[in-house]
Amino acid sequence: MRLRALLAGLAGVLCIAAASDPAERLPDPAQEAHARAIFKDIRCLVCQNESIDDSEAELARDLRRTVREQVTAGRSDAEIKRYLTDRYGQFVLMRPSFDAGNLMLWLGPFLVVALGVVLLLGRLRNRQPDAELSTAEAERVERLSREGPP
Amino acid sequence: MIAEFGAFALMLALACAVAQFGLSVAARLRRSIVLAAAGEGAALASFAGVAIAFGVLMHAFIVSDFSVANVAANSHTEKPLLYRVAGTWGSHEGSMLLWVLALTGYGAAMAAFGRSLPRGLKAVAVATQGLLGTVFLAYTVFASNPLARLAQAPVEGRSLNPLLQDPALAVHPPFLYAGYVGMSVVFSLAVAALVEGRVDAAWARWVRPWALGAWSLLTIGITLGSFWAYYELGWGGWWFWDPVENASFMPWLVAAALLHSAIVTEKRGALAGWTVFLGLAAFSFSMLGAFLVRSGVLTSVHAFAVDPRRGVLLLIILGAMTGAGFSLFAWRAPKLSQGGVFAPVSRESALVLNNILLAAATATVLLGTLYPLIREAVTKEPISVGPPYFNLTFTPLMAVLILILPAGPLLAWKRGDARGVAQRLWAAMALALVAGLLAYAVVSPKKALAATGLTLGAWLIAGAAAELVERTRAFRVPAAETWRRLIGLPRGAWGMTLAHLGLGVFVLGACFETGWRAEAAETLPLGGALDVGGYHLTLDSVNPVEGPNYDADRGLITATKGGRLVCHAQPERRLYLANGQTTSEVAICDRGASHLYIVLGERREAGGKPVWLVRGYWNPWAMLIFLGPVIMALGGLTSLSDRRLRLGVAAGRKAQPEGAPKVQAA
């Protein structure tokens with residue numbers, strides 16, 4: 001079932017990187033590259049976890065056409081993404097926006113780091129002093145080991 | 001009759017698992033050797049029962065017994081033998097049977113080979129394993145019976161997805177499951193340690209071989225799956241941050257953290273609580289993966305094999321087992337000793353940092369996988385978390401981890417010498433920087449980020465070499481002495497060096513491939529050509545061929561570079577007759593560690609003549625992406641074969657009477 005689910009996620013992926021199909025391509029290579037970069041951030045809504053850059057689904061094709069048209073029209077990335085989120089919601093973005101609702105998502109991992117470092121520092125500060133040799137003790141050990149057994 | 005026999009054996013296995021739990025608990029309470037031995041016997045019997053059921057199911061697949069519902073739904077007489085065998089674990093029911101086979105197998109192994117474990121600890125661990133076995137066997141028997149019969153046997157099976165008919169994919173679930181479920185032993189030992197109130201160096205040493213073995217097998221399983229995706233899905237992607245992949249990656253990350261923290265517990269008696277926590281977490285993540293993949297919560301878009309009842313059952317199992325484990329932890333862990341102290345610059349600190357970063361990386365994957373579910377449940381607004389999120393969170397965490405990694409093995413325990421370590425690593429540092437700068441200067445187009453990634457990969461490899469130089473005192477003592485030291489190195493040391501080296505190899509490959517891959521696609525008539533990555537691909541011919549259960553168009557494509565022949569590639573586009581599905585059979589030309597990756601796409605018409613969509617990819621250093629993890633797994637297995645680890649177990653037993661328990665059992 002694990003495999004099946006993976007396949008379900010990638011079912012549309014057969015012979016993919018669908019976006020590179022020459023039939024769809026924009027004549028200007030710079031604009032095409034720009035469009036391809038945007039495709040990677042846009043979700044194919046009917047697929048599982050696939051960007052429209054990868055998907056052969058009909059909807060992905062339509063979305064690619066839309067994005068290509070807007071790139072040709074000279075719209076900025078932000079404008080194109082806003083156009084898409086206005087129609088399809090946040091779900092269409094592969095990179096979730098950095099807003100209040102997604103704060104935990106973006107900061108969670110770094111909070112784990114912060115918490116871990118705080119705990120580590122606490123542990124380091126609470127070292128019992130008796131486990132360490134004082135300077136005088138260290139000198140005594142040094143002297144004894146130099147002199148050898150009495 | 002055979003299928004009924006298997007189903008009966010499975011129920012018997014369930015009864016034995018219940019007995020295993022009950023007898024072992026009684027053995028611990030009454031401190032009875034006889035009851036403990038009976039519990040261990042039940043563990044062996046439970047495994048035998050599941051093994052029989054598994055054999056029966058495999059037999060049904062091999063002989064295509066379509067009166068068994070599972071076989072009818074997932075097999076086909078035209079399928080080659082290997083894939084009929086692999087069909088055993090290709091379905092929900094079959095994969096759960098493989099899961100319980102591994103679970104009872106590990107339980108039996110612990111009962112049979114864990115002779116050096118203290119009696120009380122072993123009884124509790126065998127009981128815990130029995131409880132896990134009971135729960136999952138009950139689920140298998142009552143909610144997902146793989147041997148259920150059909151009243152009317154169909155004449156032909158409903159086949160298996162043609163994409164699954166691949167050797168790498170056929171063998172990867174056994175590795176994956178052996179890895180996932182191997183963590184159950186660590187879970188059981190952690191529970192036992194908490195019950196006994198004793199987590200010390202000896203305990204960490206008992207845990208390490210199981211964790212090492214499970215982690216190595218999981219590494220191989222994940223790599224095989226990734227390699228399959230790379231060459232079978234037809235566009236050279238090898239990691240998608242798909243929820244299913246994430247489900248297998250989380251236990252891997254936790255196990256990696258556990259391997260490192262267990263070293264601290266073993267050598268210095270510190271981090272005991274944390275090591276136990278990771279031991280519980282590793283198998284919890286395995287169970288979480290089993291739930292996520294099977295429940296359908298993450299495949300909501302697809303109405304695919306979703307069975308809410310089973311999902312709820314698995315969620316209850318997950319909640320009950322992890323809940324019990326962590327409650328026990330919360331109750332007993334505060335009594336565990338803190339262990340030895342260490343300075344800010346020390347190997348302990350480096351390993352703690354390793355654990356912090358791996359824990360954060362796990363949090364990233366967990367959040368990325370579950371946050372969309374949580375957010376949708378709370379705000380009703382669905383969001384997507386795709387690769388761009390992981391690139392911005394997971395990747396920087398790993399980069400920091402890689403930066404500190406080579407220093408770790410060179411630092412002394414308790415109190416390290418930062419300046420001394422820097423002196424030993426300056427050559428590796430210089431080498432890595434030169435490699436990165438060279439990549440930036442020479443490879444076109446110029447990519448700073450990818451060059452930085454190469455620097456990190458080279459830093460790991462050079463760091464592993466520097467560590468070997470340090471251990472053998474190379475260049476400071478005569479060569480013969482260095483050689484003597486080199487062959488005298490314990491396997492555990494080799495294992496660590498190999499694993500770190502493998503990570504470096506992987507990072508090199510992943511960064512180079514991601515940074516500098518090239519792709520081109522054209523519709524070509526016969527004789528037409530396409531240029532990619534400096535290679536010239538000519539479509540010479542396309543011929544029909546007939547496979548065992550498919551028809552295909554096979555293209556003959558000649559690749560040349562600078563007029564010189566590189567290879568003849570024969571990519572195929574296959575039509576599987578049983579279900580009408582088309583797949584691409586990619587042709588890969590090996591160019592050292594790099595791949596020229598060629599895909600034959602659909603046939604179209606242009607001006608009345610046939611043309612074919614041909615895609616070419618230049619995937620530089622792609623082989624390193626898979627070679628690296630293989631080296632890592634080899635490192636794990638090398639370390640596992642260390643005699644000290646095995647002798648250490650025996651020695652630990654002898655030392656036990658003197659080694660006073662840190663906390664007395666309540």
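Guide: Let's start with a term. A residue is called buried if 20 or more other C-beta atoms lie within 10 Å of its own, and exposed if 12 or fewer do; in between, it is partly exposed. Everything here is read from a predicted model. In chain A, 37% of the 150 residues count as buried.

Visitor: And what percentage of the residues of chain B count as buried?

Guide: There it is 57%, out of 666 residues.

Visitor: How many helices and strands should I look for in each chain?

Guide: Chain A has six helices and zero strands, so to speak a plain α-α-α-α-α-α when you walk along the sequence. Chain B has 20 helices and ten strands.

Visitor: How does the radius of gyration of chain B sit against the globule rule?

Guide: You set the value beside what the rule gives for the chain length. For chain B the radius of gyration is 27 Å and the rule gives 26 Å for 666 residues, which is close, so the chain is as compact as a globular protein of that length. Along the principal axes, its C-alpha atoms fill a box of roughly 85 × 75 × 55 Å.

Visitor: What do contacts between residues 24 or more positions apart account for in chain B?

Guide: Take the contacts with a sequence separation of 6 or more and ask what share is long-range in sequence. In chain B, 75% of them join residues 24 or more positions apart. In chain A, the share is 54%.

Visitor: Before I zoom in, what is the mean pLDDT of chain B?

Guide: The mean is 88, and 93% of the residues in chain B reach 70 or more. Two stretches call for care, though. Residues 300-304 of chain B are below 50, and that stretch has six contacts in the model beyond near neighbours in sequence. Residues 647-666 of chain B also stay under 50, with 29 contacts beyond four places in sequence. Where pLDDT is low, the predicted coordinates should not be read in detail. For the model as a whole, the scores are ipTM 0.84 and pTM 0.90.

Visitor: Which domains does the assignment give for chain B?

Guide: Domain 1 covers 1-165, domain 2 covers 167-337 + 345-404, domain 3 covers 408-514 and domain 4 covers 518-619. Try domains 1 and 2 of chain B as an example: their centres, over C-alpha atoms, are 23 Å apart, and 26 residues of domain 1 are in contact with 27 residues of domain 2.

Visitor: Which elements give two or more residues to the domain 1 side of that contact in chain B?

Guide: Helix H4 (81-86), helix H5 (92-113) and helix H6 (119-143) of chain B do. H6(B) gives the largest share of that side, ten residues.

Visitor: Now the strands. What is the order in the open sheet of four strands in chain B?

Guide: Read across the sheet rather than along the sequence: E1-E10-E9-E8 in chain B, with antiparallel pairing. Strands E1 (518-524) and E8 (587-591) of chain B each have a single partner strand, so they stand at the edges with one side lacking a neighbour in the sheet. From one strand to the next, the twist averages 20°.

Visitor: How many bridges pair E1(B) with E10(B)?

Guide: Seven, in the antiparallel sense, with E10(B) spanning residues 609-619. To check the register, find Thr523(B), whose bridge partner is Leu613(B), then Leu524(B), whose partner is Trp612(B). On to E9(B), residues 594-606, which pairs antiparallel with E10(B) over ten bridges; there, Tyr597(B) has Tyr617(B) as its bridge partner.

Visitor: Why is E10(B) described as largely enclosed?

Guide: Count its buried residues: eight of the eleven are buried, so E10(B) is largely enclosed by the rest of the structure.

Visitor: Which residue takes a positive phi in the hairpin of E9(B) and E10(B)?

Guide: Gly607(B), near 60°, in a hairpin with two residues between the strands. Compare the hairpin of E6(B) and E7(B): five residues lie between those strands, and Gly580(B) in the turn has a positive phi of about 70°. Strands E6 (572-576) and E7 (582-585) of chain B run antiparallel, joined by four bridges, and Arg574(B) stands opposite Thr583(B).

Visitor: One last residue: where is Pro396(B) found?

Guide: In helix H13 of chain B, residues 387-404. It has 15 C-beta neighbours inside 10 Å, so Pro396(B) counts as partly exposed. From Pro396(B) to Ala361(B) is 35 residues in sequence and 9.5 Å in space, C-alpha to C-alpha.

Conventions. Residues numbered from 1 in each chain as written. Chains lettered and ligands numbered in written order. Predicted model: local features only at pLDDT ≥ 70, side-chain atom pairs only at ≥ 80, totals over all residues. Rg over C-alpha atoms; globule rule 2.2 N^0.38 Å. Contact = placed C-beta atoms within 7 Å. pLDDT = per-residue confidence, 0-100. Pairing = 2+ DSSP bridges. Axes fitted to C-alpha atoms, helices over the stretch in contact; angles between N-to-C directions. Domains from an automatic or database assignment.
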